[in-house]
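User: I would like to learn how to read strand pairing, burial and enclosed space in a model of this kind. Could you take me through one case, beginning with a pair of residues that face each other across two strands?

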Amino acid sequence: MRKFGTIGLALLGVAAIGVSTRTLDTVDAANEFLASLDRTQHRDAVKQTDDDYRTRWRYTPASRQGVSWKSMTADQEEKATALLRSVLSDVGMKKAGVVRELEQVLGEIERNPRGRDHEQYFFTFFGTPSKSSEWAWRYEGHHISLNFAYKGSKLVASTPQFFGSNPAEVMAGPKKGLRMLPKEQDVALRFLASLSDGQRSKAVLSQRAPRDIFTGESRTAKRQANEGLKYSDMTGEQQKALQNLIRVHAEAQRPDEANRRMGQLAAVEFESIVFAWMGGAKAGEGHYYRIQGPTFLIEYDNIQNNANHVHAVWRDFDGDFGRDVLGEHYASSPHHGN
């Protein structure tokens with residue numbers, strides 16, 4: 001079996017990848033990657049645009065379809081990395097790498113390196129990448145699921161977006177101090193600490209955190225109760241701080257997509273946003289928060305494994321998986337399930 005290559009190792013950490021860092025158009029990057037695959041890999045990688053698997057996303061350990069790092073040559077790894085770079089910011093690339101790095105750490109903690117395989121992260125395509133038609137793709141493995149839908153070269157959806165890890169912070173050994181989603185926790189804790197007693201009484205729904213994010217691996221995200229602290233009940237500085245926390249969750253995407261998300265919220269949603277918290281108010285205590293508006297939901301939890309197991313997701317109620325684009329495809333062609 002091929003050993004873990006230079007490209008894959010570079011993805012695991014912050015170090016620069018040992019290839020060109022030019023950013024390709026995503027259609028071009030996807031087609032270059034697909035062209036590098038052999039016939040069997042290509043068959044595994046590409047499904048119909050409306051295949052049922054497109055909305056069957058997972059962040060838990062599961063059997064997945066597509067092409068994994070484990071099956072790639074060094075040249076294919078290089079092209080897969082270029083594809084990820086075409087959609088993710090430097091922050092996003094680092095997060096994607098840390099997910100896999102901490103999967104290795106989890107394998108060492110559990111003494112289960114085969115069961116926690118950092119090469120079992122998959123690329124799956126729905127339709128053929130094209131500058132004139134609808135298509136989509138996903139990058140997924142344990143604790144990560146990134147979904148992208150296009151009208152030709154135009155990115156129309158980048159959710160569900162999920163990042164997580166166990167452990168959230170390495171407590172011992174050579175990687176001690178390595179953290180997953182540190183800003184998502186630290187910025188939120190500072191925001192919570194800025195609230196007055198009256199504001200906190202509205203924001204904190206329970207002293208007990210839930211076991212996991214409420215939406216889980218649902219194909220369609222369900223709106224949660226509109227409980228918590230309203231944006232309109234925050235001071236100007238607190239409103240800016242909440243906007244910053246939302247951007248922390250968006251900044252894994254390339255700047256144009258992060259700005260598109262933030263622009264949509266600024267146009268119609270900020271006044272309707274509600275912030276809710278459950279659990280403890282300090283690092284090391286199990287906690288959960290959500291930020292919900294009319295069209296989107298962010299959920300974060302750090303609860304399991306003694307509050308050292310983190311999950312964070314961004315869902316769009318109507319736009320996950322590019323549902324509008326998918327609906328157009330359903331209307332014009334037969335449905336192809338598994």
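Analyst: Let us begin with one such pair: Tyr 300 stands opposite Ala 312, which belongs to strand S13. Please keep in mind throughout that this is a predicted model, and that every value we discuss is computed from it.

User: To which strand does S13 pair over 7 bridges, and in which sense, parallel or antiparallel?

Analyst: The partner there is strand S12, residues 296-302, which runs antiparallel to S13 and is joined to it by 7 bridges. S13 also pairs with S7, again in the antiparallel sense, over 5 bridges, and within that second pairing Ser 165 has Val 310 of S13 as its bridge partner.

User: How should I read burial along a strand, and how many residues of S13 are buried?

Analyst: The general idea is to apply a cut-off, with residues under 20% relative accessible area taken as buried, and then to ask whether one face or both faces of the strand meet it. In S13, 7 of the 7 residues are buried, so the strand is largely enclosed by the rest of the structure. Both of its faces are covered, with Val 310, Ala 312, Trp 314 and Asp 316 on one side, and His 311, Val 313 and Arg 315 on the other.

User: How do individual residues compare with that cut-off; is Gln 292, for instance, buried or exposed?

Analyst: Gln 292, which lies in strand S11, residues 287-292, has a relative accessibility of 5% and therefore counts as buried. Its side chain reaches the backbone nitrogen of Gln 224 at 2.8 Å. Asn 305, in helix H10, residues 304-307, has a relative accessible area of 44% and is partly exposed. The side chain of Asn 305 makes a polar contact of 2.6 Å with the side chain of His 309, and the C-alpha atoms of Asn 305 and Pro 167 lie 7.9 Å apart in space although the two residues are 138 apart in sequence.

User: Turning to enclosed space, how many cavities of 30 Å³ or more are there, and what lines the largest cavity?

Analyst: The count comes to 2 cavities of 30 Å³ or more, and a useful way to read each one is to take its volume, then its lining, then the elements that supply that lining. The largest cavity has a volume of about 50 Å³, and its lining is made up of Lys 95, Gln 161, Phe 163, Leu 181, Glu 184, His 249, Ala 312, Val 313 and Trp 314. Strands S7 (161-165) and S13 (310-316) each supply at least two of these residues, the largest share being the 3 residues from S13. By class, the lining has 5 nonpolar, 2 polar and 2 charged residues.

User: Which elements give two or more residues to the lining of the second largest cavity?

Analyst: The second largest cavity holds about 30 Å³ of space, and the elements in question are strand S4 (134-141) and strand S5 (144-151). S4 gives the largest share, 3 residues. The full lining consists of Arg 54, Phe 126, Ala 136, Trp 137, Arg 138, Asn 147, Phe 148 and Phe 321, which divide into 5 nonpolar, 1 polar and 2 charged.

User: A pocket, I understand, is open where a cavity is closed; what is the volume of the largest pocket?

Analyst: The largest pocket has a volume of about 390 Å³. It is lined by 21 residues, of which Val 156, Arg 260, Gln 264, Asp 316 and Gly 319 are the closest to its centre. Strand S6 (154-157), helix H9 (255-268), S13 and helix H11 (323-332) each give two or more residues to this lining, and H9 gives the most, with 5 residues. The lining comprises 8 nonpolar, 4 polar and 9 charged residues.

User: Finally, how should I read the ends of a helix, and which residue caps the N-terminal end of H5?

Analyst: It helps to take the span of the helix and then examine each end in turn. Helix H5, residues 90-110, has 21 residues and reaches 30 Å from its first C-alpha to its last, close to the 30 Å expected at 1.5 Å a residue. The N-terminal cap is Ser 89, a side-chain oxygen of which lies 3.3 Å from the backbone nitrogen of Val 91, while just after the helix Arg 111 takes a positive phi of about 55°.

Note on methods
Residues numbered from 1 in each chain as written. Predicted model: local features only at pLDDT ≥ 70, side-chain atom pairs only at ≥ 80, totals over all residues. Heavy atoms only, no water. 1 Å grid on protein atoms, 1.4 Å probe; cavity = no way out; pocket = protein on both sides within 12 Å on 5 of 7 lines; lining within 4 Å. Points joined across faces, edges and corners; volume = space filled by probe spheres on them. Helix = DSSP H or I, 4+ residues; strand = E, 2+ residues; numbered from the N terminus. Nonpolar A, V, L, I, M, F, W, Y, C, P; charged D, E, K, R; others polar. Expected span 1.5 Å × (residues − 1). Polar contact = N/O pair within 3.5 Å; in protein donor to acceptor, adjacent residues only side chain to side chain. Buried < 20%, exposed > 50% of the residue type's maximum accessible area, 1.4 Å probe, protein only. Pairing = 2+ DSSP bridges.
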